[in-house]
Amino acid sequence: AGRGARPVHLLLLLGLLHAGPGGEGRKGWRRRGPAVRERGEAAAAAAESFPLDFTAVEGNMDSFMAQIKSLAQSLYPCSAQALPHDLRLHLLHNASVTCNDGSPAGYYLKESKGSRRWLLFLEGGWYCFNRENCDTRYDTMRRLMSSREWPATRVGTGILSSQPEENPHWWNANMVFIPYCSSDVWSGASSKSEKNEYAFMGALIIQEVIKELVGKGLSTAKVLLLAGSSAGGTGVLLNVDRVAEQLEEMGYQGIQVRGLADSGWFLDNKQYRRTDCIDTITCAPTEAIRRGIRYWNGIVPERCKLQFKEGEEWNCFFGYKIYPTLRCPVFVVQWLFDEAQLTVDNVHLTGQPVQEGQWLYIQNLGRELRNTLKDVTASFAPACLSHEIITRNHWTDIQVKGTSLPRALHCWDRSLHESNKNGKAPLKGCPIHLIDSCPWPHCNPSCPTIRDQFTGQEMNVIQFLMHMGFDVQKMAQQQGLEPSKLLGMLSSGN
């Protein structure tokens, strides 16, 4: 899809199938490149480099970005596309830290020599919790269990993009993408053996990547943002404090460790229809994690573990339970109507109008999720039916109350920078607690576009709600409104 297009979702299976921030800088900088020779042709031929340290711009970012692009174009008359934007694969030197099948784990890295900001991204992709469903996963999704067929490079998208237009505030950071090949929500600490057919080493993979990156420049970092989507988002909550402790123990107390959890804030709620725990999709989340922790030898942060009885560590996989125990600042991004949550809750939107019970369940899910986020200092929760956002190349389009996600993350950066200096409250005009208050899926007009599964036609909010069995007359009556007034409000996203 082109960068200008809106993301397209199809109503399929669980409803929607997907198609497919802050490099801040100093207001002034020193040129640290080689001295320019002042002799004739030598001066013209001499290569100059301008590594910029983007750590604390607090002025107008648009104006600043325009200056940077102008500078870049004058230095590099060739197209910016010619510059290397790929992240390169590095398999771990420590071969004992592996993927599920015993192949070495690894990470993709794109260094940015002038920056002291590091973004480490944990990939998502569900999990497996017994031999049978891990065997099925290995047959059908092998790249999530083995490194043997990983490509040598990856292109960063969304918050991993090196393009300022796509990633306005983090484009200049050192980018690290850690592929998910442990199937354990980044929590496992058990190796492959005669007894264990598979290794589950998610927590150890993160620790080993940190060790290797210290030798590649992380030791001089100012900020490390541990980000992740879906199972990777839950992985952020489980590992962010451990990463901070690891760096402190290695003698790097000056690095500010933060978390960004995208689509990993799940609820341990009652399913719409209870089903037996047969496979990953039908198993209630609490039961799947209960079984998983034992199978993976999963570890959870000590501070959270102490809140619960022995054998109840599964509670720490649920955001609203672990968040109050975390020491590192964490920004939570969560669609109010998350597709993965609806899947494990057995609400399957097949393209047919939903039953009234399903519709009420979906609305209630939004309310429950909104309630769990009320005390989360930094959050972004649009009222959309979707899953994952921060690595989508259209992630800048979604807004809550007029603020985009990259902007909210930039405000969060600034608020942490300010509070480190003098304990100020969040900055005026720079909101970081953004939760939609409208009650239905896609009542936010900036939600990703939806297409009808059968006709391929784009649907507006009203068409989508009608498609889901939304009764305008009944809902208007409940709200004490004229039906035409309610339709007008829906059209404008109010």
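In this predicted model, helix α4 and helix α5 cross in a right-handed sense, their axes coming within 11 Å and making an angle of roughly 35°. The two sides of that contact are set out below.

| Helix | Range | Residues in the contact |
|---|---|---|
| α4 | residues 202–214 | Ala 203, Ile 206, Gln 207, Ile 210, Lys 211, Val 214 |
| α5 | residues 231–249 | Asn 239, Arg 242, Val 243, Gln 246, Leu 247 |

By character, the residues of the contact of α4 with α5 divide into 6 nonpolar, 3 polar and 2 charged.

Helix α5 also takes part in the largest nonpolar core, which has 126 residues and draws its largest share, 8 residues, from α5. Leu 224 and Phe 331 are the residues with the most contacts inside this core. When residues up to four places away in sequence are not counted, the neighbours that Leu 224 touches include Ile 210, Val 243 and Leu 247, and these three are also listed in the contact of α4 with α5. Among the other residues touched by Leu 224 are Trp 118, Leu 120, Leu 218 and Ile 255, together with Gln 256, Val 257 and Arg 258.

Which residues of helix α3 (residues 131–140) are buried? They are Asn 133, Cys 134, Arg 137 and Tyr 138, and because they cover an arc of only 145° around the axis, they lie on the same side of α3. An α-helix has 3.6 residues a turn, so residues three or four places apart point the same way. The cover over the buried residues of α3 includes α6 (285–296), whereas the face of α3 turned away from its buried side carries the exposed residues Glu 132, Asp 139 and Thr 140.

Methods:
Residues numbered from 1 in each chain as written. Predicted model: local features only at pLDDT ≥ 70, side-chain atom pairs only at ≥ 80, totals over all residues. Heavy atoms only, no water. Axes fitted to C-alpha atoms, helices over the stretch in contact; angles between N-to-C directions. Helix = DSSP H or I, 4+ residues; strand = E, 2+ residues; numbered from the N terminus. Left-handed = near helix turned anticlockwise from the far one by under 90°. Contact = heavy atoms within 4.5 Å. Nonpolar A, V, L, I, M, F, W, Y, C, P; charged D, E, K, R; others polar. Core = buried A, V, L, I, M, F, W, Y, C linked by side-chain atoms within 4.5 Å. Buried < 20%, exposed > 50% of the residue type's maximum accessible area, 1.4 Å probe, protein only. Arc of directions from axis to C-beta.
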